[in-house]
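Here is a short report on one chain. Look over the sequence and the model first, then read on.

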Amino acid sequence: MASEDRGCCDKCAKLFIMMINIVIVIVGGAILAAGIYWQLSPTGFYKEVFNHNIFNVPIISIVIGSLLLLVGLCGFIGACCEAMFLLKAYMGFLIVIMLMEIVVAVGCVAMKSSVESYATTRTQELIGYYGDEDKDEADIIKETIDLIQENFDCCGVDGPNDWSSLNADFKDQTNGDIVPNSCCKEANRDDDTCGSKADYRTNDEINSGGCKTSMMNFVENNMLYVGIVAGVIVILQVAITLMVSSLVNTIPREEHYIRYATS
């Protein structure tokens, strides 16, 4: 039985493995490129806030992207060339990745409060450095805080009062306790005096919610989609592992049959 005489299921399985690994290579390359961009960009993925000792998103993205590229290429070349070594290595990678996913899921749950506490403390510290030319010569801190407040329509960590309590430049000014313009609602951001035209307590042109709550709400609102994607990925991994296992068992039988038929 030559490879071209295989059943429809075996041929479809090989084609599916090749196609899915093309997707894995593309996704891996995209994640790797994003990780490199975030690592090189001063404000990439709000590094000043989330640059935790363990939970470092740019570095994690680079590692995951590189692994996906390696696994995808291994699976594609192994299936295309029917290379037993690469197919077995690919199966090993899939099993290791599934185990790692379990560890990461448990780690995310276990570290949730730690990362949240770190991000809160770090952001409060950065608010104190906002506008300080000695601590923020390249305006990286200012740009990071502004990006967060504008993207999540929020102000301060717990609310606008953080600015006057953590940074003296925003306390007891001409119009009272003020906030940066990035605290302003989207419709008012073009007004350069929006954050300083009145005390934050009476200024209805600024966002009144804190960024901590806004970001937690964003994560919680998207948890369903994350769960669905994770479930689909696990199902695909199990299906691919079974297909590769079948292919690994089929190839030696074909080679044995060919040697027997030609002897």
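## Overall fold

Which pattern does the chain follow, read along the sequence? The pattern is α-α-α-α-α-α-α-α. There are eight helices and zero strands; helices (H or I, at least four residues) and strands (E, at least two) are DSSP runs, numbered from the N terminus.

The model is predicted: local features need pLDDT of at least 70, side-chain atom pairs count only at pLDDT 80 or more, and totals for chains, interfaces and linings use all residues. Residues are numbered from 1 along each chain as its sequence is written, and side-chain values use heavy atoms, with hydrogens and water left out.

## Helix α5

Helix α5 covers residues 140–151. Its end C-alpha atoms are 16 Å apart, in agreement with the expected span of 16 Å (1.5 Å times one less than its number of residues). Its buried residues include Ile-141, Ile-145 and Ile-148 (buried is under 20% relative accessible area, exposed over 50%, partly exposed in between; 1.4 Å probe, protein chains only). Just after α5, Asp-153 has a positive phi of about 50°.

Within α5, Lys-142 and Asp-146 form a salt bridge at 3.1 Å, N to O (a side-chain nitrogen of Lys or Arg within 4 Å of a carboxyl oxygen of Asp or Glu). They sit four residues apart, about one turn of the helix. Lys-142 is partly exposed at 31%; Asp-146 is buried at 11%.

## Other salt bridges

The count comes to nine salt bridges. One of them pairs Lys-212 with Glu-116 at 3.7 Å. This pair links helix α7 to helix α4, 96 residues apart.

Arg-201 and Asp-199 meet at 3.0 Å. Shared partners join Asp-177, Asp-199 and Arg-201 into one network.
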